[in-house]
Amino acid sequence: MSVNLTLLTVMGVLYACGIYLLLERSLTRVLLGLMLLANATNLLILTTGGYAGLAPLFAKDTDPGAYSDPLPQALILTSIVISFAVTAFMLGIIYRTWVLARQDEIQDDAEDLRVAETPSFDAEDDAVIPEETSEFPLPAVEPDAGGTILAGARQMPASEAAAEERPGSRTTAPNQEGGSE
Amino acid sequence: MNIASFAPLAVVLPILGAALTFLLIRHSRAQRTVSIALLSLTLLLECWLLASVWEGGTAAVSIGGWLPPWGIVLVVDQFSSLMLVVSSAVSLAVLVYATGQGMADGDSDAPVSIFHPTYLILVAGVSNAFLSGDLFNLYVGFEILLTASYVLMTLGGTGPRIRAGVTYVVVSVVSSVLFLIAIAMIYGATGTINMADLAMKLGDLDQGTRNLLHVLLLVAFGIKAAVFPLSFWLPDSYPTAPAPVTAVFAGLLTKVGVYAIVRTETLLFPGDTFNSPLMVVALLTMVVGILGALAQSDIKRLLSFTLVSHIGYMVFGLAMSSVAGLGAAVFYVAHHITIQTSLFLVTGLIERRAGSSSVDRVAGLAKLSPLLAVLFFIPAMNLAGIPPLSGFLGKLGLLQAGVLLGTPLAYALVAGGVLTSLLTLLAIARVWNRAFWRKPEDAEHPDPVLLAAPGGESQGTGGAGTSSARHTVSLLPRTMVGSTLALVILGVALTVFAGPLFRLSGQSAAEMLDRSSYIHAVLGDEVTVPAPPQPVAQGGGK
């Protein structure tokens, strides 16, 4: 199969620019990158049809090899329509992002950040359970026992650690969201 | 005239429904009726298709009378019709659930009127992808379902959804571009994009070209199926969508990617060139995915990670390229679509009942709403693979096939599969302990609705029966609970009828690995099917 070197070069440049733009943080540039990628791919499909020949309209006395291959053109037409729809949708999203956040940047996932910052210590699963040696409940930690306890990755005051051991004592304080006492 | 002549209806009926519901955009009751009726009709049709190929056999239809190597063909075989039936059943249940939710909320705060047309287009795209016997038509099917999913993902246009939607759209478009590049290169190399014709011609290419095309297709489908290094986008984008949308995405979209990988591996590129890399990828998908799930506190995100992790099982099954492995993978896909969707639907109910889907805030649901606890417990145990249920049977089939193969890598995957199953149980048990068994007072910031006096329970579970319910949003509407219950029952039915289903998936695996029935159905009986480059039965040597 023979290919057109000009088309090939243009295609390469489009792919390179498209991938470069795709890696940007600004959404508009990402969109431009996607458009370049789509067009580069259209050129690639066009290239697979080989050199241009006659228009593929059937005539009895034409050699079958002289026609252009019509299939790649049909494929390109479909893919142009699809990339058109997706581009329009992306523009809508970008505009909406700008309306909501007044910025045109990809934002970090809030839940991702939260999970990344969560220490491996989980007060409910991992905290040391105070050993109950008497049948009377343990007295609360003395207020003046101000030492710190190594709790997982962080140091925490003993009183705070103790508060976590007593469910409901701290978490349903009236100023907390959802507390009902 | 064969039964496949009716196959196009599986795509056309939902599109017709989409057009009708779009016209009825101002009449929400008519919209609901039309979409549910047409989807039920599609499901019946697909059940009939499945019944007609139940005993084996493949049928193809050429669209518009264009003969196979040039025109588009739709192919009905056991695998595709099984996928069609399961996906339509699941999407019907989700549609009922979504209309229930819309009715309960009074359709006020979101443009729900475009939900129905978009949803039906999504179903049409999924059906098209399952039926397509032409690589470019498969691409079009993918684009139809993806474009619909972009709209559903960003429904309402709130901040988090737009943020998640951007990632999702960009990643999906990149994977589609990769797929299109692969199609262009395949056309350049072979001069055809008909899958049966490709199965004949790809074997003649030299090994380097074949590998390049193979890897391109695998990467493009791997992104869609969320296979490990390419799965980063899924847990970020799925959980923010509305509950029914997340449920249907989790159930169907990744499985369409898995379906495409199965077709690539069996029909287009048989042999075991990439079996070892696929197995390594499957192992990483399983283990990394489930470790991610353990770190999450939001139930939806946790389930998204288990979704990624369990894709690993399917890749494991198909990477063995043996009848036992592929058969178990087919069964596992059917099982997983049902279970994962029902879990997401239940999570939607939990979110409604408890005001949050974070395990830090939800508590005491077992006492508050025992029905919800049962609805969560059965599919959750099924997902973790507890013995009598279908998840156990699917995993057992995969592990048996792995032991049968007997290579060190296969044993590593067997061990990884068991480990993943146990870790899934751990993740699920964490949710169960906190959300269902813990006392509401012990939760970190419990929602007021959980701390309310138990007297509120009757109003909560009873639906909108009382006169005051006109003003309060009913917490667990009957339609939503009913459709979730139906899906859970379908999951249990997969367990009860696992015998015939396993036989069917085994047969379909044998047919797919043999390839001759597919190729003969599309190209006619006179073509001779080329033997795969290496004998498959002894393929596990490396």
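Student: In this predicted model, what share of the 181 residues of chain A count as buried?

Tutor: A residue is buried if 20 or more other C-beta atoms lie within 10 Å of its own. Chain A of this predicted model has 181 residues to test. The share that counts as buried is 18%.

Student: And what share of the 542 residues of chain B count as buried?

Tutor: The cut-off is again 20 or more other C-beta atoms within 10 Å. Chain B has 542 residues. Of these, the buried share is 61%.

Student: What order do the elements of chain A follow from the N terminus on?

Tutor: Start with the count. Chain A has six helices and two strands. Read from the N terminus on, the order is α-α-α-α-α-β-β-α.

Student: How many residues does chain A bring to the contact with chain B?

Tutor: Both chains contribute. Chain B brings 34 residues. From chain A come 38 residues.

Student: Which helix gives the largest share of the side of chain A that touches chain B?

Tutor: Three helices of chain A each supply at least two residues: α2 (27–48), α3 (70–101) and α4 (110–117). The largest share is 14 residues. That share comes from α3(A).

Student: How many nonpolar residues does that side of chain A have?

Tutor: Sort the side of chain A that touches chain B by class. Five residues are charged and 12 are polar. The nonpolar residues number 21.

Student: What distance does α3(A) reach from its first C-alpha to its last?

Tutor: α3(A) has 32 residues. At 1.5 Å a residue, the expected span is 46 Å. The reach in the model is close to that, at 46 Å.

Student: Which elements of chain B help cover the buried residues of α3(A)?

Tutor: The buried residues of α3(A) include A:L75, A:I82, A:V86 and A:I93. Part of their cover comes from chain A, through α2. From chain B, the cover includes α5 (135–153) and α6 (159–190).

Student: Which residue just after α3(A) takes a positive phi?

Tutor: Look just past the end of α3(A). The phi there is about 55 degrees. The residue is A:R102.

Student: Why does the radius of gyration of chain B agree with a compact globule?

Tutor: Chain B has 542 residues, so a compact globule of that length would have a radius of gyration near 24 Å. Its C-alpha atoms fill a box of roughly 75 × 55 × 40 Å along the principal axes. The radius for chain B agrees with the globule value, at 23 Å.

Student: Which helix of chain B gives the most to the largest nonpolar core?

Tutor: That core has 219 residues, and B:L145, B:I183, B:A282 and B:V315 touch the most other members. The top helix gives 19 residues to this core. It is α13 (residues 323–354).

Student: Which residues is B:I183 in contact with, leaving aside neighbours within four places in sequence?

Tutor: Contact needs C-beta atoms within 7 Å. B:I183 is one of the core residues that touch the most other members. Its contacts are B:L135, B:F136, B:Y139 and B:I193.

Student: Where in chain A does pLDDT stay under 50?

Tutor: The mean pLDDT of chain A is 76, and 68% of its residues reach 70 or more. One stretch stays under 50, though the model has 19 contacts for it beyond four places in sequence. That stretch is residues 169–181.

Student: What ipTM does the predictor give the complex?

Tutor: Two scores are given for the complex. The pTM is 0.85. The ipTM is 0.83.

Conventions. Residues are numbered from 1 along each chain as its sequence is written. Chains are lettered from A and ligands numbered from 1 in the order in which they are written. This is a predicted model: local features need pLDDT of at least 70, side-chain atom pairs count only at pLDDT 80 or more; totals for chains, interfaces and linings use all residues. Two residues are in contact if their C-beta atoms, placed from the backbone, lie within 7 Å. Helices (H or I, at least four residues) and strands (E, at least two) are DSSP runs, numbered from the N terminus. Ala, Val, Leu, Ile, Met, Phe, Trp, Tyr, Cys and Pro count as nonpolar, Asp, Glu, Lys and Arg as charged, and the others, Gly among them, as polar. pLDDT is the predictor's confidence in each residue, from 0 to 100. The radius of gyration is taken over C-alpha atoms; the globule rule is 2.2 Å times the number of residues to the power 0.38. A residue is buried if 20 or more other C-beta atoms lie within 10 Å of its own, exposed if 12 or fewer, and partly exposed in between; C-beta atoms are placed from the backbone. A nonpolar core is a set of buried Ala, Val, Leu, Ile, Met, Phe, Trp, Tyr and Cys residues joined through C-beta atoms within 7 Å. The expected span of a helix is 1.5 Å times one less than its number of residues.
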